[in-house]
Amino acid sequence: MYLRECQGVDLRRLPAAAKLGSGPVTAEFYDQLFAAIQARGQSAPEWIASKQTLGRDIAARILQPWKERHGRAPRILATGAGEAWAECTWLEAGFAVTIHDGTSAYFEAIQARQPQASFLQSDMASFTPEQTFDVISMLANDFVLDRAGFVDFCRRMAAALSPGGMIICYCPSVLSLRRILIEALRRATGYYRRNQWIFWGWWRSPGEFQRVSRAAGLQLTNAFKPSNGGWAAQSLTLPSWKENNGIFLFEKAI
Ligand SMILES: C[S@@+](CC[C@H](N)C(=O)[O-])C[C@H]1O[C@@H](n2cnc3c(N)ncnc32)[C@H](O)[C@@H]1O
């Protein structure tokens with residue numbers, strides 16, 4: 001997945017862009033992006049609102065049912081949470097949430113909004129939680145990990161799940177058939193190289209979530225296409241024609 005612009009910021013102009021290697025953008029890059037967004041004010045209101053809708057939908061469809069099934073609220077670890085607009089809706093709803101990210105740049109602003117949040121800074125490449133959680137979320141961050149890194153991360157998170165726990169992965173870069181065609185064409189014609197796009201992370205087929213979960217000792221138990229006004233079930237293995245968003249639930253294999 002390649003980007004050139006994020007919330008009106010020209011990514012190619014950030015100083016960290018000159019230092020990027022073959023992997024996706026680094027914590028330093030996210031620091032600079034957040035500073036550039038803050039220098040202009042806040043993130044775009046419609047972007048914040050769409051994140052909050054996603055967070056509230058996850059609370060209503062996944063967290064609340066978990067609470068009813070288990071007779072207590074889940075303790076949540078929100079990995080790679082960034083500005084955490086979705087994740088903060090869970091704090092607003094009264095859930096205990098530990099906010100994690102590779103950079104601490106976001107933490108002060110989040111704490112000002114949600115004083116009850118707790119924080120953990122660590123690189124996903126090595127992050128190993130010291131306590132267990134009932135729910136571990138990965139919202140819009142699986143793409144920073146290649147396949148081996150994603151398996152390894154899921155294995156470490158699986159070890160930090162309490163019995164009955166689950167991982168919620170919201171992926172905005174699920175490969176659709178249409179996207180496969182576009183990417184093949186763009187790569188064949190050197191489009192990304194010629195136009196200096198920034199490598200943001202990996203696209204992932206629905207089948208890859210299935211394979212990664214098995215390799216990590218987890219079970220992919222559900223997949224949804226999130227959308228305003230209702231989530232539709234999604235095939236666990238087959239790409240759709242053009243849907244690039246997916247929510248995947250991993251539970252510990254019994
Ligand atoms: C696209 S943002 C998603 C933020 C938030 N979850 C959301 O849905 O808006 C990806 C986040 O992952 C974090 N991140 C990227 N690479 C990371 C790494 N190697 N370790 C920890 N966090 C990382 C970034 O700092 C950023 O906050």
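Strand β10 (residues 218-225) pairs with strand β12 (residues 246-252) in the antiparallel sense, over 6 bridges. Here helices (H or I, at least four residues) and strands (E, at least two) are DSSP runs, numbered from the N terminus, and two strands pair if DSSP finds at least two bridges between them. The model is a predicted one, in which local features need pLDDT of at least 70 and side-chain atom pairs count only at pLDDT 80 or more, while totals for chains, interfaces and linings use all residues. Residues are numbered from 1 along each chain as its sequence is written.

Along this pairing, Ala223 has Phe248 of β12 as its bridge partner, and Gln219 stands opposite Glu251 in β12. Strand β10 is also joined to β11, by 2 bridges, and these two strands run antiparallel. In that pairing, Phe224 stands opposite Ala233 of β11.

The wider setting is an open sheet of 8 strands with mixed pairing, in the order β6-β5-β4-β7-β8-β12-β10-β11. The edges are taken by β6 (118-121) and β11 (232-233), each of which has a single partner strand, so one side of each is left without a neighbour in the sheet.

Helices accompany these strands. Helix α2 (residues 45-70) lies across β7 (133-139) and β8, and runs at about 165° to β8. Helix α5 (residues 147-159) packs on the sheet, where it touches β7, β8, β10 and β12, and its direction makes about 145° with that of β8. For these angles, axes are lines fitted to C-alpha atoms, for helices over the stretch in contact, and angles run from 0 to 180 degrees between N-to-C directions.

In soluble globular proteins, nonpolar side chains tend to be buried together. The largest nonpolar core in this model has 54 residues, and Cys154, Ile167 and Ile168 have the most contacts inside it. Such a core is a set of buried Ala, Val, Leu, Ile, Met, Phe, Trp, Tyr and Cys residues joined through C-beta atoms within 7 Å; buried means that 20 or more other C-beta atoms lie within 10 Å of a residue's own, exposed means 12 or fewer, and partly exposed is in between, with C-beta atoms placed from the backbone. Strand β8 (residues 161-171) gives this core its largest share, 7 residues. Leaving aside neighbours within four places in sequence, Ile167 is in contact (C-beta atoms, placed from the backbone, within 7 Å) with Ile136, Met138, Cys154, Met157, Leu218 and Phe250.

Notes
Two residues are in contact if their C-beta atoms, placed from the backbone, lie within 7 Å.
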